[in-house]
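Subject: Handing over a structure, with notes

Dear colleague,

I am passing on to you the structure we spoke about, together with some notes for a first reading. Please have a look at it before you go on to the text below.

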Amino acid sequence: MTYKIEGLSPDRFAPLFAMDDAGLAAINARRVTATADMGFPCRISLHDARAGEELILLHHVSHDVATPYRSAYAIYVRQGVDATNYRDELPPIFAGRPIALRAFDASGMLQGARLAGPGEADAAIRDLFADDAIAYIDAHNAAHGCFAARIERDEP
């Protein structure tokens, strides 16, 4: 069993960077500047922004299902980056962070969860996917609760 993790499509967020601050505020988004090299994880590139880089902080529905587990929270995105893909490896935004893993079946119902400390996410992902009922896993930063990435089975 292998898994894949893909960044969000930049096309979905490109119009936000053309908006002024008032337009962003009208949709509950904000333009921010990273103040450190860690702590501003871009959900497109799956890398932390560097200090001084501009991002958009916005409300994002990460688990858009018709179940009680529908989920949304704030995320950061950067302009001019490509969505990155990882197969059987973890993206840089997982490094050094505790990650909450929520495992769902094909109908969007929660079937299991794990809390993975730094260095433990790969084993926890594989353990969750050992259950054939798990269709995908949503990873969240454990401390702040924000969506980090979707993890899917990558069947050959």
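The notes below take up the sheet, the salt bridges, the nonpolar core and a surface patch.

Please keep in mind throughout that this is a predicted model.

**The sheet**

Three strands come together in an open sheet, in the order β2-β3-β4, and their pairing is antiparallel. The edges of this sheet are formed by β2, which covers residues 30-33, and by β4, each of which pairs on one side only. Neighbouring strands of the sheet are turned against each other by 40° on average, with direction ignored. Between β2 and β3, which run antiparallel, there are 4 bridges, and if you wish to follow the pairing at the level of residues, you may start at Val32, whose bridge partner in β3 is Leu55.

**The salt bridges**

The count of salt bridges comes to 12, and three of them are described here. As a reminder, side chains of opposite charge can pair when their charged atoms come close.

One salt bridge belongs to the β2 and β3 strands just described: Arg31 pairs with Glu54, and the closest N and O atoms are 3.4 Å apart. This pair links distant parts of the chain, since Arg31 sits in strand β2 and Glu54 in strand β3, 23 residues apart. Arg31 is partly exposed, with a relative accessible area of 27%, and Glu54 also counts as partly exposed, at 37% relative accessibility.

Another pair, Arg87 and Asp154, forms a salt bridge in which the closest N and O atoms are 2.8 Å apart. Here too distant parts of the chain are linked, with Arg87 in strand β5 (residues 85-87) and Asp154 in the segment after β9 (147-153), 67 residues apart. The two partners fall into separate classes of exposure: Arg87 counts as partly exposed because its relative accessibility is 46%, whereas Asp154 is buried because its relative accessible area is 15%, under the 20% cut-off. To return to Arg31 and Glu54, salt bridges that share partners join these two residues and Asp21 into one network.

The remaining pair in these notes is Lys4 with Glu6, whose side chains meet in a salt bridge at 3.7 Å, N to O. Lys4 is buried, as its relative accessible area is 19%, while Glu6, at 36%, counts as partly exposed.

**The nonpolar core**

In soluble globular proteins, nonpolar side chains tend to be buried together. The largest nonpolar core in this model has 21 residues, of which Ile5, Phe94, Leu101, Ile137 and Ile151 touch the most other members. The elements that give two or more residues to this core are β1 (3-6), β6 (99-104), α2 (121-129), β8 (136-141) and β9, and the largest share, 5 residues, comes from α2.

**A nonpolar patch on the surface**

Which residues make the nonpolar surface patch of about 220 Å²? They are Tyr69, Met109 and Leu110. Tyr69 lies in the loop between β3 (54-63) and β4 (71-78), which brings us back to two strands of the sheet described above. With a relative accessible area of 33%, Tyr69 is partly exposed, and this value is over the 30% that a residue needs in order to be part of such a patch.

With best regards

How values were computed. Residues numbered from 1 in each chain as written. Predicted model: local features only at pLDDT ≥ 70, side-chain atom pairs only at ≥ 80, totals over all residues. Heavy atoms only, no water. Patch = residues over 30% accessible without salt bridge, like charges linked within 9 Å, V, L, I, M, F, W, Y side chains within 5 Å. Areas by Shrake-Rupley, 256 points an atom, 1.4 Å probe, with all protein chains shown as cover. Salt bridge = Lys/Arg side-chain N within 4 Å of Asp/Glu carboxyl O. Buried < 20%, exposed > 50% of the residue type's maximum accessible area, 1.4 Å probe, protein only. Pairing = 2+ DSSP bridges. Axes fitted to C-alpha atoms, helices over the stretch in contact; angles between N-to-C directions. Core = buried A, V, L, I, M, F, W, Y, C linked by side-chain atoms within 4.5 Å.
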